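Subject: Structure handover

Hello,

Here is the structure I said I would pass on. My notes on what was found in it follow below.

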Amino acid sequence: MAIKKKKTYDIEGLECESCALKIEEKIKTLPEVNEAYINLINENLTVKEKGDKEISDSKIAEIFDKIEPGSKIYKKESKNTYKYNFVLKNISCASCIEKIERNIEGMSDVIDVTLNFNTGKLVVRSNKEIREKLVKKIKSVEPEIIIDDQDENQNYSKDINENEDGKTIIKNRFKLIVGSVLYVIAIILFEFQLFEVGFINSIELWKWLIYGSSYLLVGEKVLLSAYRNIKRGQIFDENFLMVVATLGAFGIREFPEAVAVMLFYKIGDTIQQRAVKSSRKSIKDLMDIKPEYANIKIGGEVKQISPEGVEVGDSIIVKPGEKIPLDGIVLEGESMVDNSALTGESVLKKIEPGVEVLNGSINKSGVLLIRVTTEYSESTVSKILHLIEEATAKKAPAEKFITKFARYYTPVVVATASLIAVIPPVFFGGLFNEWLYRALVFLVVSCPCALVISIPLGFFGGIGKSSQQGILVKGSNYLDALNNVNHIVFDKTGTLTEGNFKVDKIHSVNGFLESEILKNAAYVESNSVHPIANSIIEHYGKEIDNDKIKNYEEKSGKGVQATIEGKNVVAGNKKMMSLNNIEVENVAEDGTIIYISIEDKYAGYIKIADRIKKSAKNAVKKLKDSGIKNISLLTGDQENIAKTVSNKLNIDNYYSELLPHEKVKKVEEILEKQNPKDKLIFVGDGINDAPVLARSDIGVAMGGLGSDAAIEAADIVLMTDEPSKLSEALQIAKKTRKIVWQNIGLALGVKGIVLLFGVLGMATMWEAVFADVGVAILAVLNSARIIKK
């Protein structure tokens, strides 16, 4: 017998699930290939060779290039990939994020870059060792950023000239206070003239001196940042724009407004940073499921260590009120545990010896002794947190729009401001100071911070809120796409029904005994992993003697057959019976019918019952109430079962007796008929539905708690097996989009009005500061509403 060899490839540039499915199917048609599978989560392709034939790498690469141009593959063993994980602290400027990403992407040997503004996490993959180069590049773009190296536990923040320690923070606050006091004094002396100080009012130099001192104290950090950026050729950032605007105001003798703009910009920027940090913390608190420590039992002692330090097979103790730090099996103790952090459901679960527990759950009562079965990096919580972190890399259309918009908005506004300052005075006889002032108003409004900060924060909040409800969304693009859903297709078994199959009836004919039918059915089904097979074996209740089973064969979606004690036994649906030329009766009963033939003679049938979930009918109603126009059911069961379930749940359409590949074809037919702007959701159990989950616009897997297959297969994972969670996901998506577009409308609306009024001479720099920093603060605070109930 030939040994099947396996090859693994790394993939780049492939994000389309349907394209991945097409590539898989095309690779499977190669004569050298026995099996092929693409994992988009881990970005790899696994190919199993057929017999002694060797797969051609060039053929594989050709298929990728033809179906998805721009995608690439690398043999796992021939490509050295370096991955770097940093956390960037002291960063609240969203435009800085884009600059850092753009500069790193321009480095040689860099494969890809992901920088998450919400968490500050930077992930870079490269072909060579470039750690120190990366740190230098980040520092050259933003010197004040604090860089924590997550791989080497190193902190690159020792230069006291570039980073704020405690003393520096106090010093800067002191300067801001002194500068503010000087500004108030200057206003009293020169604007209100509350005191008759003749020599001060008569010498213009004093205005420059007092206002200028106030300006330098308040704006020192902004001035230095602008200077550094100019040296690096980075002109269009908020620091440079504020400096030009305020120095321009000094140039036309608008001293109070020049200092006020800088003062309120600094105050507003500080408030904005705090609002952003507060919002991030609130969102992170929703996902605070990571255990901080584990009580490990070594000999007779109990030590408290990090969960990452615990190995498989170790014994840990979990006391009442503590989080279970790792997945494992209970050895001793009984308790009730709260899984709400993982599922969003506050229902306590009874735990006793032999029961599996998942990390992130909270032990509510007794002390538990648990044997660890999974390393922390492979645990349920670790995977969930990793996917949530990675989710922001998949941007919604609104985020992509704002990224492009911000890139052109500022230069266009600056160019317009220059024209406003020059054209009217030169060609139409306008007053230079008056038009320069209007141009300066333009400059103050030209930073799109409100948009660039609040929109990613809004989507991140939506993903965080979903996580709290036990709904794992793998990208803001999927969360946003939920708003365009008009058709939901459900798989039946395990999705709308409980999936707990039980033998409900055994019917014998042609002189066969019920016990004879059950025994032969159990034997012929004993090598199948299908839940229906398990229910028959469980009902039989006796030990299976595998030596009595010969010539086992399984027909996908139809049934099984084998030689049992010298007799040919076939079990399956009508299609399986037809393949073996066996005539059977029509059975019009609710439930799955398994026909049995012995020695080519029809022996009878076994009826398998599977109950509809209690929450299924209400779940379908909620979906229809939320505006979903079409709901369909796909199943491999007979038509009578599909019809019964559809009628009971008020489902619009049903398609029965479908094989796995026929389900994919049916979904493709539905997609061809619908409007391209509309989205289709397929909901399945995530285990046997990978192809159709991938083919749909949005694949939703249910029962993800403890199921790696479900977490990997879908775009959205419902951590429990309740279909009602889907309507909750739609509500969160709707609220998220509403708030995101409120922020877009607020920012563009206010900025547009102030820009217009600025040109007409009806807006001052005071209004311009509000349109910049004030609107950004309001937008950030508005984004935080997503996480509120």
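One stretch should be read with care: over residues 155-165 the pLDDT stays under 50, and the model has 26 contacts beyond four places in sequence for these residues. This is a predicted model. For the chain, the mean pLDDT is 81, and 85% of the residues reach 70 or more.

Salt bridges

The search of the whole structure finds 17 salt bridges. Three of them are described here, beginning with K175 and E220, whose closest N and O atoms are 2.4 Å apart. K175 lies in helix 5 (residues 166-192) and E220 in helix 7 (residues 204-231), so this salt bridge ties together parts that are 45 residues apart in sequence. K175 counts as buried because its relative accessibility is 16%, and the cut-off for buried is under 20%. E220, at 30% relative accessibility, counts as partly exposed.

K519 forms a salt bridge with E565, and here the closest N and O atoms are 3.8 Å apart. This pair also links distant parts of the chain, 46 residues apart: K519 is in helix 16 (residues 514-525), while E565 is in the loop between strand 23 (559-564) and strand 24 (567-572). K519 is partly exposed, with 29% relative accessibility. E565 is partly exposed as well, with a relative accessible area of 44%. K548 joins these two residues in a network of salt bridges made of K519, K548 and E565.

The salt bridge between D625 and K621 lies within one helix. Its closest N and O atoms are 2.9 Å apart. The two residues are 4 residues apart in helix 19 (residues 616-625), so about one helical turn separates them. D625 counts as exposed, because its relative accessibility of 56% is over the 50% cut-off.

Nonpolar surface patch

Which residues make the nonpolar surface patch of about 640 Å²? They are L419, V422, I423, V426, F427 and F428. V422 has its place in helix 12 (residues 397-427). With 45% relative accessibility, V422 counts as partly exposed.

F757

F757 is in helix 24 (residues 725-759). At 34% relative accessibility, F757 counts as partly exposed. What is F757 in contact with, leaving aside its neighbours within four places in sequence? The contacts are M762 and A763. From C-alpha to C-alpha, F757 and R438 are 9.0 Å apart in space, although 319 residues apart in sequence.

A sheet of 3 strands

An open sheet is formed by 3 strands in the order 15-14-17, with antiparallel pairing. Strand 15 (348-351) and strand 17 (362-363) are the edge strands, each pairing on one side only. Strand 14 (residues 335-338) is joined to strand 15 by 4 bridges, and the two run antiparallel. One residue pair to look up is S335 and its bridge partner in strand 15, I351. As background, strands of a sheet pair through backbone hydrogen bonds, either parallel or antiparallel.

When you open the file, the K175 and E220 salt bridge between helix 5 and helix 7 can be found first, so that you see how it ties together parts 45 residues apart in sequence. Please keep the low pLDDT of residues 155-165 in mind, where the value stays under 50.

Regards

Technical notes
Residues are numbered from 1 along each chain as its sequence is written. This is a predicted model: local features need pLDDT of at least 70, side-chain atom pairs count only at pLDDT 80 or more; totals for chains, interfaces and linings use all residues. Side-chain values use heavy atoms; hydrogens and water are left out. pLDDT is the predictor's confidence in each residue, from 0 to 100. Contact means heavy atoms within 4.5 Å. Patches are made of residues with over 30% relative accessible area and no salt bridge: like charges are joined within 9 Å, nonpolar side chains (Val, Leu, Ile, Met, Phe, Trp, Tyr) within 5 Å. Accessible areas come from the Shrake-Rupley method with a 1.4 Å probe; for residues, only the protein chains shown count as cover. A salt bridge is a side-chain nitrogen of Lys or Arg within 4 Å of a carboxyl oxygen of Asp or Glu. Buried means under 20% relative accessible area, exposed over 50%, partly exposed in between (1.4 Å probe, protein chains only). Two strands pair if DSSP finds at least two bridges between them.
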